[in-house]
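Please look through the chain shown here with attention to how its helices pack, which side chains are covered and which lie open. The report that follows takes these topics in turn.

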Amino acid sequence: MSLVNLLDLLPSEMESLVESLGAPRYRGRQLAGWIFGKGVTDLGAMSDLPKDLRQALAERCAVDLPEVERITPSQDASRKLVLRLADGSRLQSVLMPDDDRLTLCVSTQVGCGFGCAFCLTGTMGLGRNLSPGEIVGQVLVARRLLEPGLRITHVVYMGMGEPLANYAATVKSLRILTDPHGFGFSPRRITVSTVGLVAGIEKLARENLRVNLAISLHATTDEIRDQLMPVNKAFDLEALLAACRRFPLPVRQRITFEYVLLDGVNDGPEDARRLVRLLRGMRAKINLIPFNDWEGSSFRRPALQKILAFQAILLEHGITATLRWSKGEDIGAACGQLKESVSVRRGRAAAELTAP
Ligand code: SAH
Ligand code: SF4
């Protein structure tokens, strides 16, 4: 019988679990406090839980943390963590300090099946979905690496994979992160980025999670978006923006639109003006990401002047537009640069792809 990974459970599910073992429900909250609050994963060390309960739990459960295989520090103080999962799959998380913030970028899938033309992760194809425990496990592992006094202030779902294509695990991990008896993050400090899966956005709208939503837009016409992002053939700009307009936003919250700037492809003044028109009347802000290069890519980053000119047009029209100079570019940890070797289980030929 395989053991239940406690990281897959909500605090309320831990309450039901201990109840089924004959203990009062509050013991489940204590268990959650040890794991998510204190980061203790050894059942034997949970000193205020009765011994027989710990014993009963140990027979059925474990805390499966991803193993840290490599930590690559960048010149800009960000760190890329290469993590190895129980089945040998690898994934990456990135820790990014910035003034008084410390953001962790987490992955939701091994690889990604959406094949956006500018994204290195997309060249891997989809390995598999991560479980909720494998998603929140990234936060636990990263937290252990921090110097005393530091804590993760923000979590962004912008690593490998498409969060809404692994919908159930993504939503459960968000609930564990925001549960007061779980990690206790404010939903305002969590952002989920999607390639634009309209059905997923509409479902998310009904979850009342109140986390921030980021949309990978990247083009202002269906013609260009079709070329850059195959998903546009299933959900075109009109459908995507309609879903965004309907998305329930808490007060003072806005949808972020990510826009990777690709030289000569989507970075002209007419693109900027179309972008203004598309987002008119929406509570939106734009995050411009100058393209991060990777070997074998056919795209280039526009010249600085062009990037600033694009931003200036948005600002002139009263749109908040920030420029995101990605962290960790020198170590292949920047947006769209994440790729890891995929090992295939049960002795089948391994598709070894090289890490950047
Ligand atoms: N799959 C989700 C989550 C990944 S987020 C999504 O696509 O939204 C990573 C962000 O970086 C996305 O906005 C993605 O489009 C962008 N990105 C991908 N490759 C990039 C590259 N080479 N340079 C800059 N940004 C890139
Ligand atoms: Fe997947 Fe997002 Fe990369 Fe597109 S940009 S291939 S959806 S990870």
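In this predicted model, the axes of helix 9 (residues 269-278) and helix 10 come within 9 Å of each other and cross at roughly 30 degrees. Two packed helices are described by the angle between their axes and the distance between the axes. Angles under 35 degrees count as roughly parallel, and helix 9 and helix 10 are therefore roughly parallel to each other. The handedness of the crossing between helix 9 and helix 10 is right-handed.

Helix 10, which spans residues 304-316, also contains L308. This leucine is partly exposed, with a relative accessible area of 39%, and L308 joins L304 and W325 in a nonpolar patch on the surface. Together, L304, L308 and W325 present about 300 Å² of accessible area.

Two other nonpolar residues are covered instead. V139 sits in helix 4 (residues 132-144) and has a relative accessibility of 1%, so that V139 counts as buried, the cut-off for this class being under 20% relative accessible area. L338, found in the segment that follows strand 14 (321-323), has a relative accessibility of 4% and likewise counts as buried. Each of these residues can be paired with a residue elsewhere in the chain, as the table sets out.

| Pair | Separation along the chain | C-alpha to C-alpha distance |
|---|---|---|
| V139 and L95 | 44 residues | 9.7 Å |
| L338 and L120 | 218 residues | 6.4 Å |

Backbone geometry in the loops is the remaining topic. D99 has a positive phi of about 50 degrees, although D99 is not a glycine, and this aspartate lies in the loop between strand 5 (90-98) and strand 6 (101-105). With a relative accessibility of 80%, D99 counts as exposed, because the cut-off for that class is over 50% relative accessible area.

N208 likewise has a positive phi in a residue other than glycine, with a value near 55 degrees. The loop that holds N208 runs between helix 6 (198-205) and strand 11 (212-216), and N208 is exposed, with a relative accessible area of 56%.

Read by accessibility class, V139 is buried and L338 is buried, L308 is partly exposed, and the loop residues D99 and N208 are exposed.

Methods
Residues numbered from 1 in each chain as written. Chains lettered and ligands numbered in written order. Predicted model: local features only at pLDDT ≥ 70, side-chain atom pairs only at ≥ 80, totals over all residues. Heavy atoms only, no water. Patch = residues over 30% accessible without salt bridge, like charges linked within 9 Å, V, L, I, M, F, W, Y side chains within 5 Å. Areas by Shrake-Rupley, 256 points an atom, 1.4 Å probe, with all protein chains shown as cover. Salt bridge = Lys/Arg side-chain N within 4 Å of Asp/Glu carboxyl O. Helix = DSSP H or I, 4+ residues; strand = E, 2+ residues; numbered from the N terminus. Buried < 20%, exposed > 50% of the residue type's maximum accessible area, 1.4 Å probe, protein only. Axes fitted to C-alpha atoms, helices over the stretch in contact; angles between N-to-C directions. Parallel < 35°, antiparallel > 145°, perpendicular 65-115°, else oblique. Left-handed = near helix turned anticlockwise from the far one by under 90°.
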